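Colleague: Before we look at anything, could you take me through how one reads the features of a model like this, giving the general idea and then the case at hand?

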Amino acid sequence: MKTISHHIIDIVHNSIRALSSVISVQVVESVTKNILRIEVEDNGCGMDEKLLSGVTDPFTTTRTTRKIGMGIPLLKFHAEQTNGSFSIESQIGLGTKLIASFQLDHIDLQPLGDLSGAISQLMASTQNSNISFSYHNDKIDFTISSQDIWDILESRVIDSKEMIMIKEIIESNINP
């Protein structure tokens, strides 16, 4: 994965596959604290202790289509490579919470990438998961959710034109 946004897409897709009805994505970017923190929390099926203990091993995966799962191991690697940290908690039936932090000015920090595009794509890709997105930096606090969009559109189906609108709303609020 080449950007932090790609990691977010991967982790949220894990949450969707875990049958989460509520997924929270929080991005905190603080120049004053020299940190970029990504937090994804869901109410999906969760993981037992055995799976949780091996989740950062690329040869641990619940997928049946392949025997390797690189998403979480790569995210952990990239966080730790930038003097950051990685943690994941999970309980069967309650969900999972993943936090990755990065030193913002570290030379090896991956670019954030197209965050507004990633979030709008995720919101448009599922009608069963309410995805809440929060972005905070030293000057901005912005939050939007799939439920907000569904209420405005009076539908859970988001077409490509509406996805572009969501992307523009996010973009104008996180990069004013």
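Modeller: Let us start with Asn 34, which sits in the loop between E1 and E2, and keep in mind throughout that this is a predicted model.

Colleague: What is the sign of phi at Asn 34, and how should I read it?

Modeller: The general idea is that most residues other than glycine have a negative phi. Asn 34, although it is not a glycine, has a positive phi of about 55°. As for its surroundings, Asn 34 counts as partly exposed, its relative accessibility being 27%.

Colleague: Which residue follows H1 with a positive phi?

Modeller: That residue is Leu 19, whose phi is near 65°, and Leu 19, too, is a residue other than glycine. Leu 19 belongs to the loop between H1 and E1, and its relative accessible area of 71% makes Leu 19 exposed.

Colleague: Turning to the helices, how does one check the length of H1, and what does the check give?

Modeller: One compares an expected span with the distance between the end C-alpha atoms; at 1.5 Å a residue, the 14 residues of H1 should span 20 Å, and the ends are indeed 20 Å apart, so the two agree.

Colleague: Which residues of H1 are buried, and against what do they pack?

Modeller: For this reading, buried means under 20% relative accessible area. In H1 the buried residues are Ile 4, Ser 5, His 7, Ile 8, Ile 9, Asp 10, Ile 11, Val 12 and Ser 15. Their packing partners are the strands E1, E2, E4 and E5 together with the helices H3 and H4.

Colleague: Then let us take those two helices in turn: at what angle do H1 and H4 pack?

Modeller: The angle between H1 and H4 is about 15°, and their axes are 9 Å apart. Angles under 35 degrees count as roughly parallel, and H1 and H4 are therefore described as roughly parallel to each other. The crossing in which H1 passes H4 is right-handed. On the side of H1, the residues that meet H4 are Ser 5, Ile 8, Ile 9, Val 12, His 13 and Ile 16, and they face Leu 115, Ala 118, Ile 119, Gln 121, Leu 122 and Ser 125 in H4. By character, the residues of this contact of H1 with H4 divide into eight nonpolar, four polar and no charged.

Colleague: And at what angle do H1 and H3 pack?

Modeller: H1, covering residues 4-17, and H3, covering residues 71-81, pack at an angle of about 140°, with 10 Å between their axes. That angle makes H1 oblique to H3. The crossing of H1 and H3 is left-handed. The contact involves His 7, Asp 10, Ile 11 and Asn 14 of H1, and Gly 71, Ile 72, Leu 74, Leu 75 and His 78 of H3. Sorted by character, the residues of the contact of H1 with H3 comprise four nonpolar, four polar and one charged.

Colleague: Going back to H4, how many of its residues are buried?

Modeller: Eight of its 11 residues are buried, so H4 is largely enclosed by the rest of the structure. The buried residues of H4 are Leu 115, Ser 116, Gly 117, Ala 118, Ile 119, Ser 120, Leu 122 and Met 123, and what covers them includes H1, E1, E5, E6, H5 and H6. Ser 120 is an example: with 1% relative accessibility it counts as buried, and, leaving out residues up to four places away in sequence, Ser 120 touches Met 163, Ile 166, Lys 167 and Ile 170.

Colleague: Is Ser 145, in strand E6, buried or exposed?

Modeller: Ser 145 is buried, its relative accessible area being 10%. Apart from neighbours within four places in sequence, Ser 145 is in contact with Met 123, Asn 130, Ile 131 and Ser 132.

Colleague: Finally, how far apart in space are Thr 32 and Met 47?

Modeller: The way to read such a pair is to set separation in sequence beside separation in space. Thr 32 and Met 47 are 15 residues apart in sequence, and their C-alpha atoms are 36 Å apart in space. Thr 32 lies in the loop between E1 and E2, and at 69% relative accessibility Thr 32 counts as exposed. Another pair is Lys 50 and Asp 141, which are 91 residues apart in sequence and 37 Å apart in space, C-alpha to C-alpha. Lys 50 has its place in helix H2, where it is exposed, with a relative accessible area of 72%.

How values were computed:
Residues numbered from 1 in each chain as written. Predicted model: local features only at pLDDT ≥ 70, side-chain atom pairs only at ≥ 80, totals over all residues. Heavy atoms only, no water. Axes fitted to C-alpha atoms, helices over the stretch in contact; angles between N-to-C directions. Helix = DSSP H or I, 4+ residues; strand = E, 2+ residues; numbered from the N terminus. Parallel < 35°, antiparallel > 145°, perpendicular 65-115°, else oblique. Left-handed = near helix turned anticlockwise from the far one by under 90°. Contact = heavy atoms within 4.5 Å. Nonpolar A, V, L, I, M, F, W, Y, C, P; charged D, E, K, R; others polar. Buried < 20%, exposed > 50% of the residue type's maximum accessible area, 1.4 Å probe, protein only. Expected span 1.5 Å × (residues − 1).
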